[in-house]
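User: Hello! I would like to go through the side-chain packing and charge pairs of this protein with you. Could you bring the structure up first?

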Amino acid sequence: RGHHAAPTPAMSSARALARLSKAFASQCSTSGAFAPSASATAWFVGESSPRIAPSIGRGFATSARAVDAIFRAPNPYRVARDAQQRRTGALAVKCGMTCDWDAWGARVPLTVLWIDACEVVSVKTAEKHGYDAVQVGYGSKKPKQITKAELGHFVKQGVGIKRALAEFRVSADGALDVGQSITAAHFIAGQYVDISGVTKGKGFQGPMKRWGFSGQPASHGNTKKHRAHGSIGQCQDPGRVFKGKKMAGRMGGRNRTVQSVWVYKIDADKNLVYVKGQIPGNAGTMVKIKDALRKAPKLGGDDGAPFPTRELGTASGVSVADPGPDPYIVDARDEA
């Protein structure tokens, strides 16, 4: 539309967004229906192939709402991911760290996770709640340790009192019945999982420990400012401190997820899961374990993870993942 031409690659992102918003606002004001062009949509979301947004039979009051209409269009990648089979995760207690030596004699640092009385507390369906999910609880508590609302929820579902609850999104065929137990055999040795937990709280810390600042000179010309962060202000323009400035403050105590953690060993008898490396949180805290998003395991079959879960009492013993090729043999191509 004349001066509302498509932005060029050399244009800044803020200016490009403003020009594109004006074009959408102009189009919305002149026509009752809104259907952004395929080329503009593809340029804005950065896709190589155009993705046409569905036509919406009304105008928009502001350009911001017109731009938001693009992102309300169904994302084909998310739709394809949601169509895949997904099973529930599990809640576990971080016991601490240890180590083991694999078949080649290489030392493997391990974190021990204990799945303590984990079972399904509630099930949500797409027909009733709009999405499919499973609410899982672990551990146990006394009735005096929870509120009456929480006690009523457990009594209504007919399950025991749990220490904590968490919800996992599943596919329609991955739902479980209320009261179904989830053990360590729900996972298999050699697969990858995503583990979420609350990091260790460090309290109020300075910029050197919190952000890794190098500090100021430690000798000449410095007085009581050795570990300070230095200047934080601007000039008269903008005349303020930008949000998110790295300064001293509370450190730790945040929800974090470690992705693609390798499951080294499964002890089905003791309900223990051994994963390689570190995970967030102190020993004794709760963590959430679910199948890895980036390295999803094969579901079903003799060599895949059990879907939707493994029945109680059908697995026993200890299973260790295949360590792979000998790490101590140097390939001739590596030497070259």
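User: Thanks! To begin, how many aromatic pairs does the structure hold?

Analyst: Happy to help, and please keep in mind that this is a predicted model. In this structure, the number of aromatic pairs is one.

User: Which geometry do the rings of Trp262 and Tyr264 have?

Analyst: A pair of aromatic rings is described by the distance of the centres and the angle of the planes. Here the centres of the Trp262 and Tyr264 rings are 5.9 Å apart, and the planes stand at 70°. Planes over 60 degrees apart count as edge-to-face. The Trp262 and Tyr264 pair is therefore edge-to-face.

User: Is Tyr264 buried or exposed?

Analyst: Buried means under 20% relative accessible area. Its ring partner Trp262 is at 18% and so counts as buried. Tyr264 has a relative accessibility of 3%, so Tyr264 is also buried.

User: Which element gives the most residues to the largest nonpolar core?

Analyst: That core has 28 residues, and Leu113, Ile115, Ile195, Val273 and Val275 touch the most other members. Elements giving two or more residues to the core include β6 (192–198), β9 (255–267) and β10 (272–276). With four residues, the element that gives the most is β1.

User: How many residues are in the other core, the one with Leu110 and Tyr264?

Analyst: This second core lies apart from the largest one. Its members include Leu110, Tyr264, Leu272 and Ala321. The number of residues in this core is eight.

User: What does Ile195 contact, leaving aside its neighbours within four places in sequence?

Analyst: Ile195 is one of the residues that touch the most other members of the largest core. Its contacts, with those neighbours left aside, include Arg256, Thr257 and Lys288. Also among them are Leu113, Val261, Val275 and Ile289.

User: Over which ring does the charged end of Lys265 sit?

Analyst: Two lysines come up here. The charged end of Lys295 sits over the ring of Tyr192, 4.5 Å from the ring centre. For Lys265, the distance to the ring centre is 4.4 Å, and the ring belongs to Tyr274.

User: How many residues apart are Asp100 and Lys265, which meet in a salt bridge?

Analyst: Side chains of opposite charge can pair when their charged atoms come close. The Asp100 and Lys265 side chains meet at 3.9 Å, N to O. Asp100 is in strand β1 and Lys265 in strand β9, and their separation along the chain is 165 residues.

User: Where does Lys162 lie, and what is the N to O distance of its salt bridge with Glu119?

Analyst: Lys162 is in the loop between α6 (148–157) and β5, and both Lys162 and Glu119 are buried. The backbone oxygen of Ala117 is 2.9 Å from a polar side-chain atom of Lys162. Glu119 is in strand β3, so its pair with Lys162 ties together parts that are 43 residues apart in sequence. The closest N and O atoms of this salt bridge are separated by 3.2 Å.

User: Which residue forms a salt bridge with Lys124?

Analyst: Lys124 is in strand β3, and its partner is in strand β5. At 25% relative accessibility, Lys124 counts as partly exposed. The closest N and O atoms are 3.1 Å apart, and the partner is Glu167.

User: Finally, how many salt bridges does a search of the whole structure find?

Analyst: We have met several of them, including Lys162 with Glu119 and Lys124 with Glu167. Over the whole structure, the search finds five.

Note on methods. Residues are numbered from 1 along each chain as its sequence is written. This is a predicted model: local features need pLDDT of at least 70, side-chain atom pairs count only at pLDDT 80 or more; totals for chains, interfaces and linings use all residues. Side-chain values use heavy atoms; hydrogens and water are left out. Rings of Phe, Tyr and Trp (its six-membered ring) pair if their centres lie within 6.5 Å; planes under 30 degrees apart count as stacked, over 60 as edge-to-face and the rest as tilted. Buried means under 20% relative accessible area, exposed over 50%, partly exposed in between (1.4 Å probe, protein chains only). A charge sits over a ring if NZ of Lys or CZ of Arg is within 6 Å of the ring centre and within 35 degrees of the ring normal. A nonpolar core is a set of buried Ala, Val, Leu, Ile, Met, Phe, Trp, Tyr and Cys residues joined through side-chain atoms within 4.5 Å. Contact means heavy atoms within 4.5 Å. A polar contact is a pair of N or O atoms within 3.5 Å; within protein, one must be able to donate a hydrogen and the other to accept it, and residues adjacent in sequence count only if both atoms are side-chain atoms. A salt bridge is a side-chain nitrogen of Lys or Arg within 4 Å of a carboxyl oxygen of Asp or Glu.
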